Each structure stands twice: as structure tokens, then as C-alpha cells.
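This report describes the sheets, the internal space and the charged pairs of one protein. Please read it with the structure in view.

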Amino acid sequence: MQCVAPSSSIGFKSLHTVSHRIVQPTQLTVQCVASRYDAGAANATNLPLSAAAPTTTNNFAYGGVVKSRTDWQSSCAILASKVVSQQQNTEKSNGADNITVVNGHTSLDLVPIDRLPKPLTIADLSPAPLHGSTLRVAYQGVAGAYSEAAAGKAYPNCEAIPCDQFEVAFQAVELWIADRAVLPVENSLGGSIHRNYDLLLRHRLHIVGEVQLPVHHCLLALPGVRKEYLNRVISHPQALSQCELTLTKLGLTVTREAVDDTAGAAEFVAANNLRDTAAIASARAAELYGLNILADGIQDDSSNVTRFVMLAREPIIPRVDIPFKTSIVFAHDKGTSVLFKVLSAFAFRNINLTKIESRPHRNRPIRLVGDENVGTAKHFEYLFYVDFEASMADVRAQNALAEVQEFTSFLRVLGSYPMDMTPWSPSSQ
């Protein structure tokens, strides 16, 4: 079949071989050779195998019948589809070779349907529930630590994942090894845990809740060991400071050494069979590691409470129907009375501040102020952590932070989350 078309593109693909020959500057000859399918294709479409040259640029002559360019292209497409159909039928008829034809191509390596990956479902894309046994919660310490108890209080029946350092707990959530992290930030006796405040700024996790846990310290030692045999007491630095007066009252002239966590101290005494060393930890740690309780409730104040925050990769949606708390961190800009102006933004709107903590600004630790008459003054630069009782959904909080931003060089919301309103009383843990 020979088809002559004008110089414009006609979008036609030959069946086997296409040869181009320039006839005139305004015409392009396209010769289509149907080879072994000529006769069958001609009978299938009732069209002659040769076509005369077009008389106009938009009409084409097939056996003396003038057709439009669109009809000519449609006829060519029908011809091509018939030939491909016959080719596929011919290949299917050769079933003795057991070769499968897929889209006109032979294939010998087909993957069984049962081995193909299953498509994702809604269940696969659903986020983890806020509470329940499916949550993996990271905490610092080993089994028996107060952080483990806080994780259990925040997320009952969760899968608690111990971490040897606070930094590892942050990274466990960031790397999707854990869904949440529960870490201490302050204690009613020992004050703030500065390490975690620094990590809150370094990482991009969000505070999604808080839990307050009463702390009940015990003096633990191996079975058969008496207090007068002790030469050393080990525990977390916060626990040692919270029991300092009581240890003195017990008449213990011992060396006090800090370790990573309270339960880890109990584990260390038991694992190394240290008969001259005691640990300050919980009653549950004594049960887990087979230690005796030499003294119970040795904290200096019975109202000893540690506040923990729950961290997640994504923030929660703030609400106004329940009590909320918001945590921020900012660095004040240059000027006079900047900190006063920042705090006044909350006072003017009757927003109660529950905490303010300053930490050194690591990127700009010192600011130099020069004066030609008196010389150069050095001012330490600080970051300020503030907790206030308001939700980010509250218009007062939004307006307060908008005003705060005018006086600060850096401002970040660490989280807006429900307050822990559960009643508590000093009890053993």
C-alpha cells in the first residue's frame, strides 16, 4: 500500500517499513509496505492496497473515491489494528511452544499472582492510636525506672522501650523506632532537668502531653547487707539531691556517686554483687533485681513529684474545651526591658505563667556592648523557656505570641497540649 500525504504531519505509523521520499517541496510521500499481511488486511477492511495521490491538501483519493483527511487516517488505523489482531491470533495458535503473549510480546518469566505485593489499605495508612498497647514509648533508663512508670501512666499497656540516654530516646522517635517518648523535665525538689530542655531545642519533636508522677525513693542493698556495712550510695543525680538530708539523718557517712538512672543503679549493685554499695531507686526496682529495702521513703519531702512530657513527631490539634498548656522558647532581641515586655504580653491578657527557665544561648553565648567612655561590657545571652496556661486555639494566646514576636529574635512553640489534671497523693512506686 502506498499512501501520499501532504507535508504536514499526519500521525501515521507504518506496519513494518517506512521509507521517505521528497516529491515536491510541499509534499511528503509515505510508502507503507504491508508485506505478508497485504492480502488479509485488504480483505478485512475492503480497501485497495494502493491509494492515489491526493488532489487537495485535505482530501485523499482511495480507488477514485475522495475522502477527507480524517477518514483517511481512520482507515489506516483500522488497517493497522486488523493486522495486529491477526498477528496476535497467529501467535496464540502456536500454543505448542507454551509461550505466553502479553500485549503482542512474548514472555517466559511471568510472576505468579499470589507473589505480587498486596496494595495498601486504609488500615495500613491509619495513624497509631493515642493510647493503647500498639504504641511504642521510649524512655531513658532500664526496667524499674521512674520514667518507665511515667510511660505506663501516660500510655497504659504500651510497649515501653528503654534507652540508655535521653538523646537516644529523642532519636528513637525521630527514626520511627518508637511512636512516643516520655522524658522528665522538672522535679518539685531538684528543679529543672537542663539536659532535656537543651534537647527539646536541638530536636524537632513536639510536646503532646504531660504527666506528673509522685516519686517514692528507697535505699536498696543486697540481701544480708546492713546499713553500717555501706561505703557508697549510687543513683541518679536528681535522686541523690532529693535524698541528701535523709541520708545525713540516717548517719550514713558514705560516698555518693551519680549514675545514669535510679533503676540502673539497682541493676549495677545486683549484677556486680556489691555488698558495700547501696542504690536509691524504686520499690519495683528492688523487686526486679532481688534487692532488700533498707529504708523506705527516704526523699526529703513527701510531696516529691516529677513532671514528664510526652513527645511525638507531629503536634496535636489544640482545643479550648479542656485545660491546655503551651510551652515556648525564645531569645530576646536587643533593647531595654525586653524580657519585661515579653512577660507583660501574657500579664495584660490574664494568662498565667507556670514556668520560666533560662538556658545559655549556645550560638551567641556573649554579647559585647561597646561604650567609648566606659569601655566594653559583656552580657551573657540566654534562651528562655516559658510554660503558660492557655491553648494555641485561644485567641488570647495567639495575640500574646504575636506581640512577643515583636521583641524577640527567635521564637518557637514546643507544643500545646492538655494539662495533667489527675489528682495525686504521695504513694510508693
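## The four-stranded sheet and its helices

Helix α11 (residues 338-347) lies across β19, β20, β23 and β24, and its direction makes about 160° with that of β19. Helix α12 (residues 395-404) also packs on the sheet, where it touches β19, β23 and β24 and runs at about 160° to β24. The model described here is a predicted one.

The sheet beneath these helices is open and has 4 strands, in the order β20-β23-β19-β24, with antiparallel pairing. Its edge strands are β20 (353-360) and β24 (408-418), each of which pairs on one side only. From one strand to the next, the twist averages 15°. Within the sheet, strand β19 (residues 324-332) and strand β23 (residues 382-388) run antiparallel and are joined by 5 bridges. Ser327 stands opposite Asp387 in β23.

## The five-stranded sheet

Strands of a sheet pair through backbone hydrogen bonds, and the pairing is either parallel or antiparallel. A second open sheet has 5 strands in the order β15-β14-β16-β13-β17, and its pairing is mixed. Strands β15 (255-258) and β17 (292-296) stand at the edges with a single partner strand each, so one side of each has no neighbour in the sheet. On average, neighbouring strands of this sheet are turned by 30° against each other, direction ignored.

The individual pairs show how the mixture arises. Strands β14 and β15 run parallel and are joined by 4 bridges; Val233 stands opposite Arg256 in β15. Strands β14 and β16 also pair in the parallel sense, over 3 bridges, and the bridge partner of Ile234 in β16 is Ala279. By contrast, strand β13 (residues 218-221) runs antiparallel to β17, to which 4 bridges join it. Here Ala221 stands opposite Asn292 in β17.

This sheet, too, is covered by a helix: α9 (residues 262-271) lies across β13, β14 (232-235) and β16 (277-281), and runs at about 150° to β16.

## Internal cavities

Rolling a probe the size of a water molecule over the atoms shows where empty space is left. How many cavities of 30 Å³ or more does a search of the whole structure find? The search finds 4, and the largest cavity has a volume of about 240 Å³.

The lining of the largest cavity consists of 18 residues, and those nearest its centre are Tyr146, Pro184, His236, Gln238 and Thr262. At least two lining residues come from each of α4 (146-154), β10 (180-187), α7 (237-242) and β18 (305-312). Which of these elements gives the most to the lining? Helix α7 does, with 3 residues. By type, the lining of the largest cavity comprises 8 nonpolar, 9 polar and 1 charged residues.

## Salt bridges

Side chains of opposite charge can pair when their charged atoms come close. A search of the whole structure finds 17 salt bridges. One of them is formed by the side chains of Glu167 and Arg202, at 3.6 Å from N to O. Glu167 lies in helix α5 (residues 166-174) and Arg202 lies in helix α6 (residues 194-202), so this pair ties together parts that are 35 residues apart in sequence.

Note on methods. Residues are numbered from 1 along each chain as its sequence is written. This is a predicted model: local features need pLDDT of at least 70, side-chain atom pairs count only at pLDDT 80 or more; totals for chains, interfaces and linings use all residues. Side-chain values use heavy atoms; hydrogens and water are left out. Two strands pair if DSSP finds at least two bridges between them. Axes are lines fitted to C-alpha atoms, for helices over the stretch in contact, and angles run from 0 to 180 degrees between N-to-C directions. Contact means heavy atoms within 4.5 Å. On a 1 Å grid over the protein atoms alone, a cavity is a set of points where a 1.4 Å probe fits but cannot get out, and a pocket is an open set with protein on both sides within 12 Å along at least five of seven lines; lining residues have an atom within 4 Å of a point. Grid points are joined across faces, edges and corners, and a volume is the space filled by probe spheres set on the points. Ala, Val, Leu, Ile, Met, Phe, Trp, Tyr, Cys and Pro count as nonpolar, Asp, Glu, Lys and Arg as charged, and the others, Gly among them, as polar. A salt bridge is a side-chain nitrogen of Lys or Arg within 4 Å of a carboxyl oxygen of Asp or Glu.
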